[in-house]
Each structure stands twice: as structure tokens, then as C-alpha cells.
Amino acid sequence: MSLTQSKFAFDLSSVELPECDQQLVDELTGFKEFGTKTICETISHNGVPVSVFVNEFWTSRQRAGHSLHEVSYRACFKPQLPKFFIDRLTVEGDLVLDPFLGRGTTALESVLLNRRAAGTDVSPLSTVLTTPRLNPPSIDEVRTRLDQIDLKTKTKTREDLLTFYHADTLREIGSLRSYLTERNGNGDHVDAWIRMVATNRLTGHSPGFFSVYTLPPNQAVTIDRQKLINAKRNQTPEYRDVKKIILKKSRSLLKDITAENQASFAQFGSAQLITGSADSMKSIESDSVSLVVTSPPFLNVVQYATDNWLRCWFNGIDADSVPIWKYTSVKKWSNAMTGVFKELARVLKPGGHVAFEVGEVRNGEVRLEDHVIPAAQKADLAPVLVLVNAQEFTKTANCWGIDNKTKGTNTNRVVVLRCDK
Ligand SMILES: C[S@@+](CC[C@H](N)C(=O)[O-])C[C@H]1O[C@@H](n2cnc3c(N)ncnc32)[C@H](O)[C@@H]1O
């Protein structure tokens with residue numbers, strides 16, 4: 001069912017919403033912070049009317065997110081998205097969960113806003129990237145630790161990686177990897193920080209990375225593909241100073257930290273982050289979560305495993321053994337999401353909310369939000385509204401909402417659900 005087909009003339013004033021939801025509806029209806037008025041429509045799912053609000057609700061023109069967010073990850077959302085919902089649907093001290101944690105955008109934004117954070121991701125890389133940024137070291141601690149690590153010792157490493165790295169750089173990466181492996185379990189928050197930054201600097205398209213020019217850092221290409229890139233660009237890897245690059249990126253990540261942030265890290269920085277599947281988060285207590293802000297893997301559009309093979313190698317993770325969900329059929333995807341919604345219904349407090357961000361797939365032919373609502377209803381989560389955030393709204397909005405086929409635009413489609421139990 002497409003949204004255009006399912007429009008109905010419901011009288012929404014007859015639908016009684018809890019106060020918090022009504023406030024959100026009123027705010028979205030009257031929203032014009034960035035100069036455009038909200039388009040409101042009503043759709044129906046299983047006889048339940050659901051309002052759809054389209055506008056530019058958060059924007060790249062807003063003050064940029066905190067510098068700590070600046071680690072790349074495929075299909076991550078901007079911090080403005082979780083902030084929008086955390087500000088409106090929680091109060092300080094509440095627990096906010098992201099069951100598809102990724103680089104930890106929701107968890108970090110929650111801590112920065114003085115909320116408790118929890119998260120799950122089936123990939124162990126997610127905690128590698130998230131944990132150190134919830135309680136970061138000072139730049140002096142990073143510098144001192146880097147000075148203490150010996151990167152000049154020869155270690156056995158993969159010769160084929162010389163396609164990406166100068167021999168001396170590869171030796172430094174190999175030594176750092178061995179150091180971190182030996183300290184694993186005994187390493188402190190400074191080692192964890194260095195691991196996180198190094199994981200982010202492995203490959204990229206500028207001299208700020210350890211590698212020769214390649215694709216952006218969240219999409220590691222295969223060795224064979226890199227050989228082709230090297231031949232085409234007539235390039236050979238130049239020496240890159242691993243410690244210098246880690247220090248520079250650390251400085252940039254840490255630059256926005258204020259005394260207020262330090263207080264938030266001290267109080268809320270030790271979040272519950274789990275490596276596991278979103279449909280089974282056993283260690284998260286029932287009735288404990290006030291808000292879930294998340295974005296699931298879509299229909300096979302992002303190859304997390306192949307994109308992350310080099311990051312996994314550096315961290316001693318067998319990329320092929322990470323059971324990332326990849327669905328090609330909408331039906332199987334919807335069933336998996338119902339499993340997640342049932343688990344969310346367990347951990348949510350009565351009256352708690354879910355903000356579930358989905359994209360469009362197959363060139364806009366499949367609107368996943370149409371499948372999210374019935375999948376959530378099966379788990380007794382009630383649809384509250386759908387919010388479509390359209391950047392460059394005036395250019396891309398059509399009479400209904402958004403021209404999905406417009407290339408290069410950045411829309412977020414978020415289904416907001418409520419847990420009534
Ligand atoms: C769209 S990304 C989330 C990005 C995140 N919102 C951010 O800003 O970084 C989806 C994530 O789901 C994870 N994932 C895939 N299958 C999963 C499962 N069964 N349980 C939990 N996480 C899973 C992937 O590893 C990926 O990190």
C-alpha cells in the first residue's frame with residue numbers, strides 16, 4: 001500500500017492522544033522553524049488513522065552536531081535526528097535505547113543530553129566505535145599513551161595489505177594491532193580510544209588516513225579492487241605517520257568538549273552496550289526504557305560485512321561470522337521487525353515511545369514505513385505518527401510530500417510508536 005493510495009479523510013480531532021503525543025502533533029503541525037510550513041496528511045493502517053507530517057524539521061543548516069560524532073559509519077543518521085526525539089519525548093535521567101546501534105549516534109547524543117543510554121548491535125565493531133566516545137580521555141592522556149607505545153617493532157602482518165599501505169606504515173599498524181590485542185581486556189579507556197580512532201583511520205580518501213587514496217573510510221574495497229584504483233591513479237602508498245594521524249583526529253574529535261559535557265560523561269558515560277541481536281536483548285530490564293531511537297538494516301542496501309572487512313581485521317573480528325541481517329524480501333524483513341518490536345514492547349515503560357527511522361529502497365518503490373506500522377501493530381505498539389524530514393524541502397516536496405526519486409536529497413522517514421501496556 002503506498003501512502004498516496006491510502007490517504008483518507010479522517011477527522012483526527014476525534015482521535016484522543018495522550019498529552020505528550022498531542023503536544024508533539026501540535027508542534028509538528030505548526031512547525032516553521034526553517035521557513036516552510038508542514039504538510040499534514042492522514043493515512044490508515046488496519047483501520048487506524050495515522051498522521052504524516054512533512055517538513056524540514058532538522059537541517060544541516062542547524063548548528064552542527066558535537067565533534068565527538070564525527071566517525072564515519074555506513075547508513076548512520078545525523079545526531080539531529082535522535083536529538084529531536086530525545087528533547088521532546090524524554091526528560092533528564094531517562095533511559096534511551098538503540099537496538100541497531102551502529103556508530104552509536106543515539107547513545108552519544110543521549111549522554112550529551114544527560115540521559116542514560118543503552119544499545120545493541122550484532123557487530124562487535126559497534127561497541128569498539130561507541131564506548132570510548134561516551135567517556136573520552138583528554139588529549140594529554142592520548143598523547144602520553146601514544147608516546148609510550150612502541151610502533152617500531154617488527155610484527156608478522158598481512159603482506160597483501162601493502163596494496164593500501166607503505167611498508168613502514170603497515171609495520172606501525174601491525175605493531176599497534178599487536179599492542180591492543182595483548183592489552184585486550186586489561187586496556188583502559190585511553191587504549192580503547194586509540195583503538196577507536198585507529199579503526200577509523202584505516203582507509204580513506206585523504207592524507208588524514210593511514211592508506212593510499214581509496215574509497216571513504218566506511219567502505220573498504222577488496223585488495224583486487226584497490227589494485228585497480230592504484231593502477232588507474234598511477235599511485236603507490238606513501239608513508240603515513242600512524243601516531244600523528246591518531247593524535248590529529250583525536251584533537252578534532254575532542255575539540256567541542258565542555259565542562260558541562262565532562263559532567264554528563266561522569267554521570268551517564270557508562271552505558272549498557274551489548275553485542276547481540278535486536279530481537280533478544282536479555283540483559284536489558286523489562287519496563288526500563290523511555291525512548292527507542294533507531295534505524296534498522298534496510299532491504300539489503302548496505303553491505304556492512306564487506307564494507308567493514310578491514311576494520312574487523314584490525315580488531316581481530318571474523319567479519320564472516322557476524323550474523324548481520326540481510327533481507328531481500330519485504331515480508332521476511334517485516335517479520336524480523338515484528339520480532340524486534342516484541343522485544344521493544346518488553347523493555348519499554350508503559351507510555352514509552354519508539355522513533356523508528358526507515359529509508360526508501362529500490363529507488364523509492366518500497367516505502368518501508370508502510371510495512372513498519374503493521375509489523376509494530378502485531379507487537380501491540382500503537383502508531384502515533386509518521387514524520388518525514390526533508391532537507392532542501394522546498395526543492396523536493398511535491399503535492400503529497402517527497403519526490404523519492406530525486407537523487408542526492410536527504411530525507412528521513414520516521415515512524416513514531418507508543419507502547420500502551
Ligand atoms: C542503519 S545501521 C544503524 C546506524 C546507526 N543509526 C548510526 O547512526 O550509526 C543498522 C545497524 O544494524 C546492525 N544490525 C544488523 N543486523 C542486526 C541485528 N540482528 N541486531 C542488531 N543489530 C543489527 C548493523 O550492524 C548496523 O550497524
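# Helix packing in a predicted chain

The chain exposes an accessible surface of about 18,600 Å², 49% of it on carbon and sulfur atoms (Shrake-Rupley method, 1.4 Å probe). This is a predicted model in which local features need pLDDT of at least 70, side-chain atom pairs count only at pLDDT 80 or more, and totals for chains, interfaces and linings use all residues. Residues are numbered from 1 along each chain as its sequence is written, and side-chain values use heavy atoms, without hydrogens and water.

Q: What percentage of the 421 residues in the chain is buried?
A: Buried means under 20% relative accessible area (1.4 Å probe, protein chains only). By that cut-off, the buried share of the chain is 56%.

Q: At what angle do helix α7 and helix α9 pack?
A: Helices are DSSP runs of H or I with at least four residues, numbered from the N terminus. Axes are lines fitted to C-alpha atoms over the stretch in contact, and angles run from 0 to 180 degrees between N-to-C directions. The axes of α7 (residues 189–201) and α9 (residues 242–254) lie 10 Å apart, at an angle of about 105°.

Q: Which helices do the buried residues of α6 pack against?
A: The buried residues of α6 include L170, I173, L176 and L180. Contact means heavy atoms within 4.5 Å. The partners are α5 (139–148), α7, α9 and α12 (309–314).

Q: What distance should the 17 residues of helix α6 span?
A: The expected span is 1.5 Å times one less than the number of residues. The end C-alpha atoms of α6 (residues 167–183) are 24 Å apart, which agrees with the expected 24 Å.

Note on methods. Helices (H or I, at least four residues) and strands (E, at least two) are DSSP runs, numbered from the N terminus. Buried means under 20% relative accessible area, exposed over 50%, partly exposed in between (1.4 Å probe, protein chains only).
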